[in-house]
Amino acid sequence: MIKTTIKNERLQTHKTECLILFCPEEKKPSGKLAELDAKLKGLIGTSFKNKRFKGKHNQTFLLNVPKPIQADYLLLVGLGKVGEITGDKLRQAAGTAARCAENEKLSTISFYIPTDNSAREIHDGLAKSDDSFSQTVAEGSLLSLYHFEEYKEPEKDKPRRVKQITLLTAEKSQVSSMRSAVARGRKLAEAVYVSRDLISHPSSTATPSYLADKARDTAKTLGMTCKILKPGDMSRLGMGALLGVAKGSQEPPAFIALEHHGGAKNDPPVVIVGKGITFDTGGISLKPPASMDEMKMDMSGGSVAMATLFAAAALKIPTNVVGLIPASENMPSGTAIKPGDILKSMSGKTIEVLNTDAEGRLILADALTYAARYKPKAVIDLATLTGAVIVALGHQAAAILGNNDELANQLQQCGEVTGERLWPLPLWPEHEKAVKSSIADLKNIASPGVGAGTITAAAFLKAFAGEQPWCHIDIAGTSWSGEDKPYTPKGASGFGVRLLIRFLEQEATSNPS
Ligand code: BES
Ligand code: ZN
Ligand code: ZN
């Protein structure tokens, strides 16, 4: 990961290739920036005056600066209107500026971190998140500078990348709090990187066994418990739904259980369940070829569960957390399940499989049943479950559904702060009726014409969540970004990781053990 350092130096004498300054909209430089601007004979002020730069959110403006200033370039980045600045806007601005500098081939960059008093308007915007300015800047810039290049031959003339991020303060007393804030920002970004890497690997690498090995190895280094159930164990437990999905594949399925014991011994844990389909062809109900390659991301939920558990251990969050990842391929073959087949799940409920492409809910069914063994205080599942969620919400938000509004509200609020939006959809008795089968207990798709694909999928899961306080998050539209976003480069997003870490930290402080 890119190096981060903290320096207590004067703006004018700090040596860097690119000095980045955050600017609220239509606000002339004040405080230390005004001093710098005076040295620059009003260069920054003039950019505002002649309307070349207005400070609109995520607007950037690169200036070549004269001596005696020690920075090669000044990069202004807009925060938008005062009073409307939020933590996520700052995170985005930091990400935008970092990427802009990288595109300009600048490899050492420095963010000027104003003191609390000199930038009241920005700090007020952060108050809701209680994440500090420095953490947000570290997080946003590191997230935006992520690259996945494991399968590329090392190029002779490698594109110049940012190698060093400095957070600069003029106030010595700020240094120690900045140090812990930046360390935290790094840990959060690292967790997102873990999830993005797992999603980005092709399915020939990231098989169920690969996920299991990664979980086991990382758990060992972090001192956490990791259990891997093999197909034999699954049969003994009666996990017929997970085994049914895996039947068509040469790759053996794996059921990963990670445990972080951060709370008191008998405190009920939060269980995070993640869909781990390492490739979804659709099975016998084969998907069309266009964009099928993207289905390597069908283990996004599993990767988020794994990354969150690792982060919980790395950050030593004082609460108990369990991560469950049912992992399998969904393949068509002579041994695959066929439409019309009936599977017996671990819960004892039978499932008529009418479409083998609705496989995610099958493997989650057994994982939700397994979750009950922990007598959890909350179960949260994340899954790239339905294309219908993209119809409903596009790529701007994940859908949240479940049997507990309080839990859903809390998760939604966490996402507001971390910039990972959740939006609620209803789950009514009619939807539950729509997944009842005439010859088995349930069917894995509703009849044609029912519509509400995201909701009927959740209604199916509800039958297996039982009485546990449970929420389902459908991330099919948010776990892969088709374009560069301020701090999410095109590709795997790692959506959900920071939100869940925040949720776990809240749980730990609201119920201290
Ligand atoms: N993995 C897909 C859902 C998906 C779609 C993820 C687009 C990411 C992007 C899931 O297993 C699936 O195929 N769902 C079907 C359900 C249908 C058969 C009821 C779908 O959404 O078409
Ligand atoms: Zn599918
Ligand atoms: Zn799928």
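Biologist: How far does a polar side-chain atom of Asp 280 lie from an oxygen atom of ligand 1?

Modeller: Keep in mind that this is a predicted model. Asp 280 is among the residues that come nearest to ligand 1. The distance from a polar side-chain atom of Asp 280 to an oxygen atom of ligand 1 is 2.9 Å.

Biologist: And which residues around ligand 1 come nearest?

Modeller: There are 16 residues around the ligand, and they divide into 5 nonpolar, 4 polar and 7 charged. The ones that come nearest to ligand 1 are Asp 280, Lys 287, Asp 357, Glu 359 and Gly 387.

Biologist: How much of ligand 1 does the protein bury?

Modeller: Start with the polar contacts. An oxygen atom of ligand 1 sits 3.2 Å from an N or O atom in the side chain of Lys 275, and a polar side-chain atom of Glu 359 lies 2.9 Å from an oxygen atom of ligand 1. Taken alone, ligand 1 exposes 510 Å², and the share of that buried by the protein is 77%.

Biologist: On to the metals. Which residues coordinate the zinc ion (ligand 2)?

Modeller: The distances run from 2.0 to 2.2 Å. Along the sequence, the donor residues follow the spacing D-x76-D-x1-E. Asp 357 gives both an O and an OD donor. With the OD of Asp 280 and the OE of Glu 359 added, the residues for ligand 2 are Asp 280, Asp 357 and Glu 359.

Biologist: Why is the arrangement around the zinc ion (ligand 2) irregular?

Modeller: The zinc ion (ligand 2) has 6 donor atoms around it. For six donors to count as octahedral, opposite ones must be over 155 degrees apart and all others between 65 and 115. Here the angles subtended at ligand 2 run from 71 to 168°, and that set makes the arrangement irregular.

Biologist: What are the protein donors of the zinc ion (ligand 3)?

Modeller: They lie 2.0 to 2.4 Å from the ion. In sequence, their spacing reads K-x4-D-x17-D-x60-E. By residue and atom, the donors of ligand 3 are Lys 275 (NZ), Asp 280 (OD), Asp 298 (OD) and Glu 359 (OE).

Biologist: What is the geometry of the site of the zinc ion (ligand 3)?

Modeller: Ligand 3 has 6 donor atoms, with angles of 77 to 173° among them. That site is octahedral.

Biologist: Which residue bridges the zinc ion (ligand 2) and the zinc ion (ligand 3)?

Modeller: The two zinc ions lie 3.2 Å apart. One residue to look at coordinates both of them. The bridging residue is Asp 280.

Biologist: How far apart in the chain are Asp 280 and Asp 298?

Modeller: Both are donors of ligand 3, whose site is octahedral. Asp 280 is in strand E10, while Asp 298 is in the loop between E10 and helix H10 (300-314), so the pair links distant parts of the chain. Their separation is 18 residues.

Biologist: Is Asp 298 buried or exposed?

Modeller: The cut-off for buried is under 20% relative accessible area. Asp 298 has 2%, so it is buried. Asp 280 also comes out at 2%, whereas Asp 357 has 23% and counts as partly exposed. For Asp 298, the answer is buried.

Biologist: Now the backbone. Which peptide bond is cis, with omega near 10°?

Modeller: Look in the loop between strand E3 (60-64) and strand E4 (71-80), where Pro 68 lies. The cis bond runs from Lys 67 to Pro 68.

Biologist: What phi does Lys 51 have?

Modeller: Lys 51 lies in the loop between helix H2 (43-49) and E3. At 58% relative accessibility, this lysine counts as exposed. Although Lys 51 is not a glycine, its phi is positive, at about 60°.

Biologist: Where is Ser 291 found?

Modeller: Ser 291 has a positive phi of about 65° and is not a glycine. Its relative accessibility is 43%, so Ser 291 counts as partly exposed. Ser 291 is found in the loop between E10 and H10.

Biologist: How far apart in space are Lys 81 and Leu 324, C-alpha to C-alpha?

Modeller: Lys 81 is in the loop between E4 and H3, and is partly exposed at 44% relative accessible area. In sequence, Lys 81 and Leu 324 are 243 residues apart. In space, the separation is 43 Å.

Key: Residues are numbered from 1 along each chain as its sequence is written. Chains are lettered from A and ligands numbered from 1 in the order in which they are written. This is a predicted model: local features need pLDDT of at least 70, side-chain atom pairs count only at pLDDT 80 or more; totals for chains, interfaces and linings use all residues. Side-chain values use heavy atoms; hydrogens and water are left out. Donors are N, O and S atoms within 2.8 Å of the metal (3.2 Å for Na, K and Ca); water is not among the atoms, so sites may look incomplete. Four donors count as tetrahedral if all angles lie between 85 and 135 degrees; four count as square planar and six as octahedral if opposite donors are over 155 degrees apart and all others between 65 and 115; anything else is irregular. Buried means under 20% relative accessible area, exposed over 50%, partly exposed in between (1.4 Å probe, protein chains only). A residue is near a molecule or strand if one of its heavy atoms lies within 4 Å of it. A polar contact is a pair of N or O atoms within 3.5 Å; within protein, one must be able to donate a hydrogen and the other to accept it, and residues adjacent in sequence count only if both atoms are side-chain atoms. Accessible areas come from the Shrake-Rupley method with a 1.4 Å probe; for residues, only the protein chains shown count as cover. Ala, Val, Leu, Ile, Met, Phe, Trp, Tyr, Cys and Pro count as nonpolar, Asp, Glu, Lys and Arg as charged, and the others, Gly among them, as polar. Helices (H or I, at least four residues) and strands (E, at least two) are DSSP runs, numbered from the N terminus.
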